[in-house]
Amino acid sequence: MSHRGLVISFSGLDGAGKSTLIAWLRDELERRHRPVTVLHMADGVGAYALLRAARDAVRRLVGRGERAESLPPRWAGRPRRPGLRGLAGRIRDAIVWSKPLRRVLYPVDLVIFLAIRFYVATVRRRVLVTDRYFYDTLVDVADDGRWFWVRLLEAFTPAPDVPIFLDVSPEESYARKGEYSVAYLARRSAAYQAIAPLVPSAVVLSNTDLGATRRALARAVEERLSA
């Protein structure tokens, strides 16, 4: 038996079913007396998460105790105020979510994640399940037709024990959530399809039939648990 807990990651388009499958898997593992920690990568890991935590702490100190909103990517279409404040916000988003900056911060985020993984999986021996992973970040920073940075960053990204890639069509993703255009989702889908083969242990699951996807996921996890 492994001396540390399993690390399982879920990657894929918005609406691919990550949250649903993670909740189901967590219940299944805990039913088998395997403690689970679920980590939401966007909110709990990385330089941006630390900055948000610091910002929230400052706001609480100055009396603005409400929880500050998460910063969605600039392509998420967050409404902006008109005038100079709106312009400042758009400039900030263009900088904060720029691909060059995110590539620079990628190693920093990796170090933070490795510390979390060591504590959760090695020290506490819990199963660590991540909602998204660095593979999703690679999709974010990929340039159409140019894969140098993706291959470079992926080369020193630690593979989870069970890296799950959920595959749904752009049309299905749009039908489930409707947040982004089909054309935008198609570009991201193509990036996922290019990145998954770079991960030798990747488990690609088509999530059109929830029952079949659950059974395939259970088999993949069971194989690793019994290895």
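1. Contacts across the sequence. Take the contacts in this protein with a separation of 6 or more: 75% of them join residues 24 or more positions apart. The chain has 227 residues, and 44% of them count as buried. As for secondary structure, there are 10 helices and five strands.

2. How far to trust it. Keep in mind that this is a predicted model. The average pLDDT for the protein is 85, with 83% of the residues scoring at least 70. The stretch to watch is residues 68-78, where pLDDT is below 50. That stretch still has 25 contacts in the model beyond near neighbours in sequence, and I'd read those with caution.

3. The main nonpolar core. The largest nonpolar core holds 52 residues, and the ones touching the most other members are Ile8, Phe10, Leu25, Phe113, Ile164, Leu217 and Val221. Helix H5 (residues 99-123) supplies the largest share of this core, six residues. As general background, nonpolar side chains in soluble globular proteins tend to be buried together.

4. Ile8 up close. Which residues does Ile8 touch, once those up to four places away in sequence are set aside? Val127, Leu128, Val129 and Thr130 are among them, and so are Val162 and Ile164. Leu25 and Val221 complete the list.

5. H1 against H10. Two packed helices are described by the angle between their axes and the distance between the axes. For helix H1 (residues 18-31) and helix H10 (residues 210-225), the angle is about 50° and the axes are 11 Å apart. That angle is not under 35 degrees, nor in the 65 to 115 range, so H1 and H10 are oblique to each other. Their crossing is right-handed. On the H1 side, the residues involved are Thr20, Leu21, Trp24, Leu25 and Leu29; they meet Leu210, Thr213, Arg214, Leu217, Ala218, Val221 and Leu225 in H10. Note that Leu25, Leu217 and Val221 also appear in the list of core residues touching the most other members.

6. H6, an enclosed helix. Is helix H6 enclosed or open, and why? Eight of its eight residues are buried, so H6 is largely enclosed by the rest of the structure. The buried residues include nonpolar ones such as Phe134, Leu138, Val139 and Val141, but Asp136, Thr137 and Asp140 are buried there as well. The cover over H6 includes S1, helix H2 (41-44), H5, helix H7 (148-155), strand S4 (162-167) and H9.

7. H6 against H9. Helix H6 (residues 134-141) packs on H9 at an angle of about 125°, with the axes 9 Å apart. This pair, too, is oblique, and H6 passes H9 in a right-handed crossing. From H6, Tyr135, Asp136, Leu138, Val139 and Asp140 meet Arg188, Ala191, Tyr192 and Ile195 in H9.

8. Gly12 and Ser189. Gly12 is found in strand S1 (residues 7-12), while Ser189 belongs to helix H9 (residues 182-195). They lie 177 residues apart in sequence, yet their C-alpha atoms are 7.9 Å apart in space. Gly12 has a relative accessible area of 1%, so it is buried. Ser189, at 8%, counts as buried too. Beyond four places in sequence, Gly12 is in contact with Lys18, Arg132, Asp136, Leu166 and Tyr192. One of these, Asp136, is in H6, and Tyr192 is in H9. With the same neighbours left out, Ser189 touches Leu13, Val168 and Pro170.

Terms used. Residues are numbered from 1 along each chain as its sequence is written. This is a predicted model: local features need pLDDT of at least 70, side-chain atom pairs count only at pLDDT 80 or more; totals for chains, interfaces and linings use all residues. Side-chain values use heavy atoms; hydrogens and water are left out. Helices (H or I, at least four residues) and strands (E, at least two) are DSSP runs, numbered from the N terminus. Buried means under 20% relative accessible area, exposed over 50%, partly exposed in between (1.4 Å probe, protein chains only). Contact means heavy atoms within 4.5 Å. A nonpolar core is a set of buried Ala, Val, Leu, Ile, Met, Phe, Trp, Tyr and Cys residues joined through side-chain atoms within 4.5 Å. pLDDT is the predictor's confidence in each residue, from 0 to 100. Axes are lines fitted to C-alpha atoms, for helices over the stretch in contact, and angles run from 0 to 180 degrees between N-to-C directions. Angles under 35 degrees count as roughly parallel, over 145 as roughly antiparallel, 65 to 115 as roughly perpendicular and the rest as oblique. A crossing is left-handed if the near helix is turned anticlockwise from the far one by less than a right angle, and right-handed if clockwise.
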